[in-house]
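Work through the exercises below with the model open. Try each task before you read its solution.

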Amino acid sequence: MNRRLTLASSVAGAVLVALDGTVLTVAQPSLQRSLGASFAEVQWTSTAYLAVVAGLLVFAGRIGDRYGHGRMFALGMLGFGAASAGIALAPDIGWVIGLRVAQGVCGAVLQPATLGMLRLAYPADRLAMPLAVRTSAIGLAAAAGPLLGGALVSGPGWRAVFLLGVVPALVFGTAALMGGAPAQGSAAPSGPSLDLPGALLLALTLAFLVHGLVASGAVMVAGLGVAALAGAAFVRRERRAAAPLLPPGVIGSTPVAAALGILVAASAALFGTLFVETYVLQRDLGLDPFQSALRSVPLAVMMVASAPCCPVFLRRVGARWTVGAATALLAAGGLVLSGATGTSALGCAFALLGAGFGTVMVAATHVVVRQSEVTAAGVAGGLQQTALNIGPVLGVAAATALMGAGPRAALLVLAAVAAAAVPLARLLPGHRVASLTRSADDGVLDGDHAPR
C-alpha cells in the first residue's frame, strides 16, 4: 500500500474542500453583481451546499466502507472538479445553486474517504502524524484562501475562483480511479449494510437542522421541527435495525462520542468567535478587510504550527490531557479576544485560538478514527466531518443571536462554550500513543493488532 500517495491524496481532497469554502465567501459579492442575483439567492449558494454535505456525510462514509474509500475518493474528486468547472461557466444564479448542490453531494462523498483511506493505510498507533499533516494543510488553505480568492476576483473575476481546484481534482481523482490511491477497503457486496431507511432519516435530520439554523422566523422553526421529528424516527430505526447505519462500536463508544462533542463545541466556539470579531475589527475598530485579515494571521500560523506538535503530546501525555489543555487554550483565546483592541492583544488572542483549535482537530480526530474498527472507518470519518460541519453552523447561529447583547457578551458566551467542553476530555483515552516514528509492517492495516 503506497502510504505517501494515500497521504497526498487525503491532503489534496481536504485542501480542495477547505479552499472552496474560503474563496466562495470572497467571491459572493462579485458573483451577486455579475448575475444580478438577490442576497437570498446568493446565500443559497452556501446554504444548499452545507445542507447537502451535512445530510450525506455519514451515508457516504458507509458506502466507502462497503465498496472502497479509494473509489469514493476518485468519484468525489472528479465530480467536485466537474461541478466547479460548471459553476465557472454558469449563465445565471439558478445554475450556480444547482451545481452547488451537486458539488455538495461530491463533497460529502469525498470527505469521509480522505480519513477512511488514512485509517486503512496507517496502523492505528501511527495515525497521528498523517492527521497532523492533513490539519496543517487545511490551516494553510484557510489562510491562503481569502488572499488567493481576493486576487482572482480582483483580476480575472469570480469565475476564475471556481476553476482553481479543477486541475488538482482531475489529477488526483484520475490517479485514484486508475488504482493510484490504493486504500480501497472492502469491495465485496457482503460488506457492511447500507441501511437505506436509516440513511434517509439521518440525511433529513441533518439537512433540516442546518437549514433551520441558517434561516430565521417561521422557516427556522419549521426546519428545526422537521429535524427533531426525523431525528426521533432515526433513533427509533437504529435501535430496531439488525444492521444499523451507525455501528454500536462507533456510536456506542464513549471516547468517540466525547471526541465528537468536543469537535462540535470547539468548531462552534471558533467560527462563532470569528464571525463576531469580523464585525468588531471592521465596524468598531474601523479596519478595512485587508487590515482585519492581517490581524488574524497568527490564528492560521499557530494552527499550522500546532498540528505537527500534537503527535508528540499524544505520545507523551495521551489524548485526555492533550485535548483538555487545547480546548482550554481555545477558551482562553476567546476570553482574551473579548477585551482586545490593540494589535499585540489581538495577535495573542488569535494565536491562542489557532494553537487550541489546531491541536483539538488532530487529537480529537485521532481518537475518532483510531477507536473505530477498520471496517467502519468511513462512518467514523463521516461523523468527524459532520461534527465539523454542524459546529460552525451552530456557532454562527448563536453568534448572530447574541450580537444584540453586544460583541463582548457574544465573545464571552462563545468562550464559555469552549470551556464547557473541557470536562469532556476526561472521557478520552488517557494512555499514550505507543509509537509515532517506528516502521510497521506494511501489510498490517489495523494498528491495534500491530506489534507494540
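## Exercise 1: Cysteines

Cys309 counts as partly exposed, at 36% relative accessibility. (Partly exposed lies between buried, under 20% relative accessible area, and exposed, over 50%, with a 1.4 Å probe and protein chains only.) The model is predicted: local features need pLDDT of at least 70, side-chain atom pairs count only at pLDDT 80 or more, and totals for chains, interfaces and linings use all residues. Residues are numbered from 1 along each chain as its sequence is written, and side-chain values use heavy atoms, with hydrogens and water left out.

Task: find how many disulfides the whole structure holds.

Solution.
- Start with the cut-off: a disulfide is a pair of cysteine sulfur atoms within 2.5 Å.
- Take Cys309. The closest cysteine sulfur is in Cys310, 8.8 Å away, which is too far for a bond.
- Go on to Cys348. The nearest cysteine sulfur, that of Cys309, is 17 Å away, and Cys348 is in no disulfide. Cys348 is partly exposed, with a relative accessible area of 40%.
- Search the whole structure. The result is zero disulfides.

## Exercise 2: A serine in a helix

Task: place Ser30, then decide whether Ser30 is buried or exposed.

Solution.
- Locate the residue. Ser30 is found in helix α1 (residues 3–35). Helices are DSSP runs (H or I, at least four residues), numbered from the N terminus.
- Check accessibility. At 16%, Ser30 counts as buried.
- List contacts (heavy atoms within 4.5 Å). Neighbours within four places in sequence aside, Ser30 touches Val153 and Trp158.

## Exercise 3: Two helices

Task: describe how α2 and α3 pack.

Solution.
- Read the geometry. Helix α2 (residues 39–67) and helix α3 (residues 69–88) pack at an angle of about 150°, with axes 8 Å apart. (Axes are lines fitted to C-alpha atoms, for helices over the stretch in contact; angles run from 0 to 180 degrees between N-to-C directions.)
- Name the partners. From α2, the residues include Tyr49, Ala60 and Ile63. They meet α3 residues, among them His69, Met72 and Phe80.
- Sort the contact residues. Six are nonpolar, three polar and two charged. (Ala, Val, Leu, Ile, Met, Phe, Trp, Tyr, Cys and Pro count as nonpolar; Asp, Glu, Lys and Arg as charged; the others, Gly among them, as polar.)
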